Amino acid sequence: MTEPTGRTTTPPDTAADTAAVPGTPRGDLGRRLAARRAQLGLTREEAAERAGMAPGYLRYLEGHPEAAPGAEVLLRLADALETTVPDLTGGTVDQPPGPGQAARGARFESIGTEECRALLGDHGVGRLAVVPDDGPVVVPVNYTVVDNTIVFRTAAGATPSLADGERVAFEVDRIDDAFSRGWSVLVRGDARIVTDPGERDELAERAYSGPWAGGTRDVWVRLDPDAVTGRRITA
């Protein structure tokens with residue numbers, strides 16, 4: 001379904017159409033729209049108002065994988081959600097963030113410890129830096145914050161497990177190419193493999209999700225931060 005060029009359009013609102021829309025977004029575009037709304041803290045109604053369209057049409061886009069909005073609609077959505085059309089459509093999924101131009105009058109500033117901890121949040125994907133015998137290595141891991149410590153699961157012998165008993169670095173960041181801004185948080189501290197069965201069970205209960213890499217990854221690593229710093233670039 002492609003929305004006409006008018007500023008507000010309501011999709012078919014029959015009982016059958018409404019029933020076809022699930023609670024969880026479907027399709028790449030739908031998931032990206034919903035995820036970006038969540039990042040900005042916008043309801044569907046608020047996002048639709050920003051984009052000048054009916055909430056029902058945005059609901060349709062999020063709920064139907066076959067939805068194919070035109071270029072004008074995508075531009076309005078990208079503007080409303082403070083992002084770009086390639087980001088919404090997945091055109092940048094295989095590209096590293098940050099190819100945009102630096103903003104005019106950009107500022108570089110430090111982030112306080114408490115805000116750094118808030119940015120780390122409960123879960124996400126970060127980069128773990130370890131130094132095995134053959135030299136430094138940085139690998140991505142999906143992590144959870146438990147009692148102000150960083151925990152993640154890996155496999156025995158895998159690179160992240162080499163953090164055991166070592167002082168390591170862990171970094172998370174977010175880059176907004178559309179607005180040439182972003183932040184990064186760096187954590188340093190001692191890491192250890194969790195061996196206590198009770199502690200492992202507790203971490204499994206509190207973990208947000210399983211490891212994205214799949215497979216058998218039942219080795220828990222816990223990083224106790226002793227230094228947390230952050231930096232932000234703003235326009």
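Which residues of helix 4 are buried? In this predicted model, they are Gly-56, Tyr-57, Leu-58, Arg-59, Tyr-60, Leu-61, Glu-62 and Gly-63. Helix 4 is thus mostly covered, with 8 of its 9 residues buried. A residue counts as buried when its relative accessible area is under 20%. The list includes residues of several kinds, among them Arg-59 and Glu-62, and a look at what packs against helix 4 is a useful place to start.

One partner is helix 2. Two packed helices are described by the angle between their axes and the distance between the axes. Helix 2, which spans residues 28-40, packs with helix 4, residues 55-63, at an angle of about 120 degrees, and their axes are 6 Å apart. Angles from 65 to 115 degrees count as roughly perpendicular and those over 145 as roughly antiparallel, so helix 2 and helix 4 are oblique to each other. On the helix 2 side the residues that meet helix 4 are Gly-30, Leu-33, Ala-34 and Arg-37. On the helix 4 side they are Leu-58, Leu-61 and Glu-62. Sorted by class, this contact has 4 nonpolar, 1 polar and 2 charged residues.

Another partner is helix 3, residues 44-51. The axes of helix 3 and helix 4 come within 8 Å and cross at roughly 110 degrees. That angle falls in the range of 65 to 115 degrees, and helix 3 and helix 4 are therefore roughly perpendicular to each other. Here Arg-44, Glu-45, Ala-47 and Ala-48 from helix 3 meet Pro-55, Leu-58, Arg-59 and Glu-62 from helix 4. The contact of helix 3 with helix 4 has 4 nonpolar and 4 charged residues, and no polar ones. Leu-58 and Glu-62 appear in the contact with helix 2 and also in the contact with helix 3.

Between helix 3 and helix 4 there is a loop, and Met-53 is found in it. Is Met-53 buried or exposed? With a relative accessible area of 5%, Met-53 is buried. Its C-alpha atom is separated by 9.1 Å from that of Arg-76, which is 23 residues away along the chain. A further case of this kind is Gly-90, in the loop between helix 6 (85-89) and strand 1 (107-111). Gly-90 has a relative accessible area of 17% and is buried as well. Gly-90 and Leu-29 are 61 residues apart in sequence, but their C-alpha atoms are 7.6 Å apart in space.

Next come the aromatic rings. How many aromatic pairs are there? The count comes to 2. Tyr-57 and Tyr-60 form a stacked pair, at 6.3 Å centre to centre and with 15 degrees between the planes. Both lie in helix 4, 3 residues apart, which is about one turn of the helix. An α-helix has 3.6 residues a turn, so residues three or four places apart point the same way. Tyr-57 is buried at 0% relative accessibility, and Tyr-60 is buried at 8%. The pair formed by Tyr-143 and Phe-170 is edge-to-face, at 5.1 Å centre to centre and with 80 degrees between the planes. This pair links distant parts of the chain, since Tyr-143 is in strand 3 and Phe-170 is in strand 5, 27 residues apart. Tyr-143 is buried at 3% relative accessibility, and Phe-170 is buried at 0%.

Phe-170 also leads to the nonpolar cores. In soluble globular proteins, nonpolar side chains tend to be buried together. The largest nonpolar core has 21 residues, and those with the most contacts inside it are Leu-128, Phe-170, Val-185 and Val-187. Helix 7 and strands 2, 3, 4, 5, 6 and 7 each give two or more residues to this core. Strand 6 gives the most, with 4 residues. Beyond its neighbours within four places in sequence, Val-187 is in contact with residues including Leu-120, Ile-150, Phe-170, Leu-223 and Val-228. Apart from this core lies another, of 19 residues, among them Met-53, Tyr-57, Leu-61 and Leu-88.

Two loop residues remain. Glu-82, in the loop between helix 5 (71-80) and helix 6, has a phi near 55 degrees, a positive value in a residue other than glycine. At 22% relative accessibility, Glu-82 counts as partly exposed. Asn-148, in the loop between strand 3 and strand 4, likewise has a positive phi, near 65 degrees. Asn-148 counts as exposed, at 52% relative accessibility.

How values were computed. Residues are numbered from 1 along each chain as its sequence is written. This is a predicted model: local features need pLDDT of at least 70, side-chain atom pairs count only at pLDDT 80 or more; totals for chains, interfaces and linings use all residues. Side-chain values use heavy atoms; hydrogens and water are left out. A nonpolar core is a set of buried Ala, Val, Leu, Ile, Met, Phe, Trp, Tyr and Cys residues joined through side-chain atoms within 4.5 Å. Buried means under 20% relative accessible area, exposed over 50%, partly exposed in between (1.4 Å probe, protein chains only). Contact means heavy atoms within 4.5 Å. Axes are lines fitted to C-alpha atoms, for helices over the stretch in contact, and angles run from 0 to 180 degrees between N-to-C directions. Angles under 35 degrees count as roughly parallel, over 145 as roughly antiparallel, 65 to 115 as roughly perpendicular and the rest as oblique. Ala, Val, Leu, Ile, Met, Phe, Trp, Tyr, Cys and Pro count as nonpolar, Asp, Glu, Lys and Arg as charged, and the others, Gly among them, as polar. Rings of Phe, Tyr and Trp (its six-membered ring) pair if their centres lie within 6.5 Å; planes under 30 degrees apart count as stacked, over 60 as edge-to-face and the rest as tilted.
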